[in-house]
Amino acid sequence: MKHLAAIVVLYMLLYAGHGLGATSQDRPAFLRLVRLIELERVGAASPTGLAFAPVMNAFLMPQARDGARPSSLAMLSPLGRPTGSGNLAGLPADSLNITFDGASDSLLLLESASGELVEVRARPAGGLGLSTPARFEGRGLGVRSPRGMAVDPSSGRLFVLDGAG
């Protein structure tokens, strides 16, 4: 009887997507590589985070050297061409907690140690106003261990992933 149970479990694991109703999808997901950007070739060899700014049509990547605090921001077009850079001195070091709010055209960064939320607005002429960030107390969000952020483009709500549960 043990062998029959093991065979049934093995069958369910191997063929779960084929009519047993054990998965939510009947077919495997369709994946394809659209573009590969060689970061070292464009001078962005050490990214520590990633956000996309639609108003600038650019990927924003904080850069850190030798595991240190991110000190610069590389900007790349969707084709992987450098479009600019900026100095991150004085901004949150936790670049995992970075997102771009398309409704306000702002880069948002959350410092996990202090709970500070920093907003850097995009300039009308292009680029970011890195020298004039707005700072907000973020401890009221109730997040103890932030592990990533995203903004809902339709509502403008900020979502923060809390690693503490």
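Before I turn to the chain, one definition: two strands pair if DSSP finds at least two bridges between them, and the strands themselves (E, at least two residues), like the helices (H or I, at least four), are DSSP runs numbered from the N terminus. With that in hand, a first example is Ala 51, which stands opposite Leu 60 in S2.

What you have in front of you is a predicted model, in which local features need pLDDT of at least 70 and side-chain atom pairs count only at pLDDT 80 or more, while totals for chains, interfaces and linings use all residues. Residues are numbered from 1 along each chain as its sequence is written, and side-chain values use heavy atoms, with hydrogens and water left out.

Let me start with the overall picture. The protein chain contains one helix and ten strands, and along the sequence these follow the pattern α-β-β-β-β-β-β-β-β-β-β. Of the 165 residues in the protein chain, 32% are buried, where buried means under 20% relative accessible area, exposed means over 50%, and partly exposed lies in between, with a 1.4 Å probe and protein chains only. The exposed surface of the protein chain comes to about 10,800 Å², of which carbon and sulfur atoms supply 57%; these areas come from the Shrake-Rupley method with a 1.4 Å probe, and for residues only the protein chains shown count as cover.

How confident is the predictor, on the scale called pLDDT, which gives its confidence in each residue from 0 to 100? The mean pLDDT of the protein chain is 77, and 81% of its residues reach 70 or more. Among the elements, helix H1 (residues 2–14) has the lowest mean, at 40, and S5 has the highest, at 91. Over residues 1–22 the pLDDT is below 50, and this stretch has nine contacts in the model beyond near neighbours in sequence, a contact being heavy atoms within 4.5 Å.

Now back to the strands around Ala 51. S1 and S2 run antiparallel and are joined by three bridges, and the hairpin that they form has four residues between the strands. Asn 57 is found in the loop between strand S1 (51–53) and strand S2 (58–63), and its phi is near 50 degrees, a positive value in a residue other than glycine. To put that in context, most residues other than glycine have a negative phi. Asn 57 counts as partly exposed because its relative accessibility is 44%.

On its other pairing, S2 is joined to strand S3 (residues 72–76) by five bridges, again in the antiparallel sense, and Phe 59 has Leu 76 in S3 as its bridge partner. S2 is mostly covered, with five of its six residues buried.

Further along, which strands make up the open sheet, and in what order? Four strands form this sheet in the order S5-S6-S7-S8, and the pairing is antiparallel. Its edge strands are S5 and strand S8 (134–137), each of which pairs on one side only. Neighbouring strands of this sheet are turned by 25 degrees against each other on average, direction ignored, where axes are lines fitted to C-alpha atoms, for helices over the stretch in contact, and angles run from 0 to 180 degrees between N-to-C directions. Within the sheet, five bridges join S6 to strand S7 (residues 116–121), and Leu 108 stands opposite Glu 119 in S7.

The loop between strand S5 (98–101) and strand S6 (106–110) holds Asp 105, which has a positive phi of about 50 degrees although it is not a glycine. Since its relative accessibility is 26%, Asp 105 counts as partly exposed.

Finally, I come to the last two strands. Strand S9 (residues 146–151) and strand S10 (residues 158–162) pair in the antiparallel sense over four bridges, and Ala 150 has Phe 159 in S10 as its bridge partner. Their hairpin has six residues between the strands, and there Gly 156 takes a positive phi near 80 degrees.

Is Leu 161, in strand S10, buried or exposed? Leu 161 is exposed, because its relative accessible area is 53%. Leaving aside neighbours within four places in sequence, Leu 161 is in contact with Ser 145, Pro 146, Arg 147 and Gly 148. Leu 161 and Pro 146 are 15 residues apart in sequence, and their C-alpha atoms are 5.6 Å apart in space.
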